[in-house]
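Student: I'd like to practise reading a model residue by residue and helix by helix. Can you walk me through one?

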Amino acid sequence: MEADASHSDKKLLEKFSGCGKSIGVLTSGGDAQGMNAAVRAVVRMGIYAGSKVYFIHEGYQGMVDGGQHIIEAKWQDVSSILQVGGTVIGSARCKEFRTREGRKKAAYNLVKRGITNLCVIGGDGSLTGANLFREDWKGLLQELVNNNEIDKATAEKYNYLNVVGMVGSIDNDFCGTDMTIGTDSALHRIIEVVDAIMTTAQSHQRTFVLEVMGRHCGYLALVSALACGADWVFIPESPPGDGWEDQLCQKLSENRARMKRLNIIIVSEGAIDCNNKPITSNLVKDLVVKRLGFDTRVTILGHVQRGGTPSAFDRILASRMGVEAVLALLEASVTTPACVVSLSGNQAIRVPLMECVQMTQEVQKAMDEKKFDEAVKLRGRSFENNLNIYKSLSHRKTEGELPCSNFTVAVLNVGAPAAGMNAAVRSAVRTGISEGHRMLAVTDGFDGFMKGQIKEVKWGDVGGWVGQGGSLLGTKRTLPAKNAAAIAEQIRLHNISAIMLIGGFEAYLGILELSAARTTYDDFCIPMVMVPATVSNNVPGSDFSIGADTALNAITDTCDRIKQSASGTKRRVFIIETMGGYCGYLASMSGLSAGADIAYIFEEKFDIRELQSNVEHLTGKMKTTVQRGLVLRNENCNENYTTDFIYQLYSEEGKGVFDCRKNVLGHMQQGGSPSPFDRNFGTKIAAKAMQWISKKLKETYRQGRVFANSPDSACVLGMRRRTLVYQPVAQLKKETDFQHRIPKEQWWLKLRPLMKILAKYKISYDVSDAGQIEHVPQLRNPLQDSQQSITI
């Protein structure tokens, strides 16, 4: 486990340790779940890099007041905060910091402790304040010299301030990053409430109006609406046109006439109409009651959205951003602009802070000037994509509005069930119907396909599916090759023009077998696309799979409870077995999100010497104030070092120091309601897949029939780094380890050292993949490249 630092690490560590500067970390503005994970990562990565790290309590107020508000942070000071919401170092507004005199006090308090590297976790106001402080720094130090508060040597030694920001905001209202820390957790709170409300609404045939946070940004409202299939959503960036009251009431009436027992309307707190007049939740309620007489209730979620434990996504995001922030400070020089570390797809990047702030302000300016289309585009491709897909899935076209299409598309689930599959099916069916296709649902995968368990599915048949776990279509692991003749016959019988498969590695094998069977059966010469859906996240061609995020949250929640138990009993190590087959994604990423000491996976070989080293590491940990341990093991990481073996080894070697418990999580990782990420990811990727099918059908329709046998007509649609890409399955074969059912290269393996560093292992860290400075793209041309960012 332990290793000497690599050459690149040594170079950075020498540069950092020789500069004699320290890091200060503060949280400012509104709190957000995940801030503590970011603080923990900054502290531990800073200590790993040989720096002193200081807590600045109560944000800028603590910086101005100094004294006990600025204290050195030790390794164990950030133990047990990963799962805690809010911010343990406090946050406060500070009017004094807005004045030059206040900033001069803050500069004195920092210089006194040698702090010239500042990590700020907050919103745009907090980050703008940090940049102003940086620009004033030399002048402030000169004033301190003139006042004899510091000497010239001190001013010269600490002559510039480095600032790196992380955006902590549940609203996701900061341009330049796909996701801000806290947004995913806030979505979890909202969806928990919506799911609970739906049962009572259905019981009483009620209409519920939910008000969610987002004074200047409608992201929470929009994604919540996508994730629960809301009837209507009001957001500030895209207000309804004149006469929206009639349109809303007509839609609610039509839905009720189709025997829909509940209506959900989501209102962002900053919602406006096209004349910039506020649309409130009570205004909407009064309208529905007055016009329709429906039993209507208002629920204002308020600060519930800021509360609770952070989601697995937010913990991983914050941990990655915290480490990246320290690396950015390591490399910063006097000419380096203040930057924000952020996320683009699944890549960490650094963006100039003031470019982000300027773009964020441009959004508000566009809304004030009623340029709403421009405001949506300025929010970024992900936001625009969300809005377009919500509109297409929530608006049911009339027969006259539907395009003319003679194509029939079949949708089936293949492999093990995964949370979010139903959201993908719903999205595929409704997108297909909107494009004029006849949609067929296949029950029980290829097993049902060959038996003819195929029926037409209409728009209303998939209502309410988005929040359902498992697979409502039914799914089996049967592969098609042995039954190719029977499946080909069903394709002819039902005149199927294209197939969409939603599933895991079996679905990948299935589309490979179907495309290979084209040489024997012309019936398979049709467009085929696979959408990855498996908790194992082991599908070649995609960095993410539907269902993996829900599984990560299930594992993380269990680990939280186990850690709490271990904290109560002291000196206890828990060994947890996760699913994933031979893929170590779940074990590794849940290890990072739960603060595990080690995670054993198939992709990273280990032996008895490493097991012994890990026991020694935990033995040393028990001598500190943190007297508990968490060890994760991927189910197929090693055929000999089983969970029982590791449990017995740890129990024997830890005698007298700690005791052990084991827990096999099993199929609970597959079950439950899908997370907001999986609902949204499933919805968007399935809609994109259906749009690809429509395009391919038009391209391959010749002389009254569809004939598609080129390699690019059988694809996996996956997210690679930052964009959705369609990859021919024939090309993906060389990237696949078929024996172990995993891709040969997996992006998340680069994150494994983070877990070990944050668990205090002395290992090398490859900085070659660290983020680089990128500039915020200007308002893009609508005709530009159609590839879309898919991060929620």
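Tutor: Sure, and keep in mind that this is a predicted model. Let's begin with Thr 534, which has a relative accessible area of 11% and is therefore buried. The cut-off for that word is under 20%.

Student: Where is Thr 534 placed?

Tutor: Thr 534 sits in the loop between strand E17 (528–532) and helix H19 (548–569). For a buried residue, the next thing to look up is its contacts. Setting aside neighbours within four places in sequence, Thr 534 is in contact with Ala 418, Gly 504, Val 539, Ser 545, Ile 546, Gly 547 and Ala 548.

Student: Now a loop residue for contrast. Is Gln 739 buried or exposed?

Tutor: Gln 739 has a relative accessible area of 65%, so this residue is exposed; the word applies over 50%. Gln 739 lies in the loop between strand E26 (736–737) and strand E27 (742–743).

Student: How do I relate sequence separation to distance in space?

Tutor: Take two C-alpha atoms and compare both numbers. Gln 739 and Tyr 582 are 157 residues apart along the chain, and their C-alpha atoms are separated by 9.6 Å. For Thr 534 and Ser 713, 179 residues apart along the chain, the C-alpha separation is 23 Å.

Student: Let's turn to helix packing. At what angle do H7 and H23 pack?

Tutor: Read the angle together with the distance between axes. Helix H7 (residues 183–204) and helix H23 (residues 676–700) pack at about 90 degrees, and their axes are 9 Å apart. H7 and H23 are therefore roughly perpendicular to each other, a label that covers 65 to 115 degrees. On the H7 side, the contact is made by Asp 184, Leu 187, His 188, Ile 191 and Asp 195, while H23 supplies Pro 676, Phe 677 and Arg 679. By character, the residues of this contact are four nonpolar, one polar and three charged.

Student: And how do H11 and H20 pack?

Tutor: Helix H11 (residues 312–331) and helix H20 (residues 585–594) meet at about 80 degrees, with axes 8 Å apart. That makes H11 roughly perpendicular to H20. H11 brings Ala 312, Arg 315, Ile 316 and Ser 319 to the contact, and H20 brings Met 589, Leu 592, Ser 593 and Ala 594. Here the split is five nonpolar, two polar and one charged.

Student: Back to H23 for a moment. What does Ser 694 touch?

Tutor: Ser 694, in helix H23, touches Glu 435 and His 437, not counting residues up to four places away in sequence. Its side chain and that of Glu 435 are joined by a polar contact of 2.4 Å. Ser 694 counts as buried because its relative accessibility is 3%.

Student: Which residues does Ser 126 contact?

Tutor: Ser 126 belongs to helix H5. At 7% relative accessibility, Ser 126 counts as buried. Apart from neighbours within four places in sequence, its contacts are Ser 28, Gly 29, Tyr 60 and Val 120.

Student: One last feature: which residues of H4 are buried?

Tutor: Start with the helix span. H4 (residues 100–111) has 12 residues and reaches 16 Å from first to last C-alpha, close to the 16 Å expected at 1.5 Å a residue. Its buried residues are Gly 102, Arg 103, Lys 104, Ala 106, Ala 107, Asn 109, Leu 110 and Val 111. Among the elements covering them are strand E2 (53–56), helix H3 (59–65), strand E4 (115–122) and helix H5 (124–146).

Notes: Residues numbered from 1 in each chain as written. Predicted model: local features only at pLDDT ≥ 70, side-chain atom pairs only at ≥ 80, totals over all residues. Heavy atoms only, no water. Axes fitted to C-alpha atoms, helices over the stretch in contact; angles between N-to-C directions. Helix = DSSP H or I, 4+ residues; strand = E, 2+ residues; numbered from the N terminus. Parallel < 35°, antiparallel > 145°, perpendicular 65-115°, else oblique. Contact = heavy atoms within 4.5 Å. Nonpolar A, V, L, I, M, F, W, Y, C, P; charged D, E, K, R; others polar. Buried < 20%, exposed > 50% of the residue type's maximum accessible area, 1.4 Å probe, protein only. Polar contact = N/O pair within 3.5 Å; in protein donor to acceptor, adjacent residues only side chain to side chain. Expected span 1.5 Å × (residues − 1).
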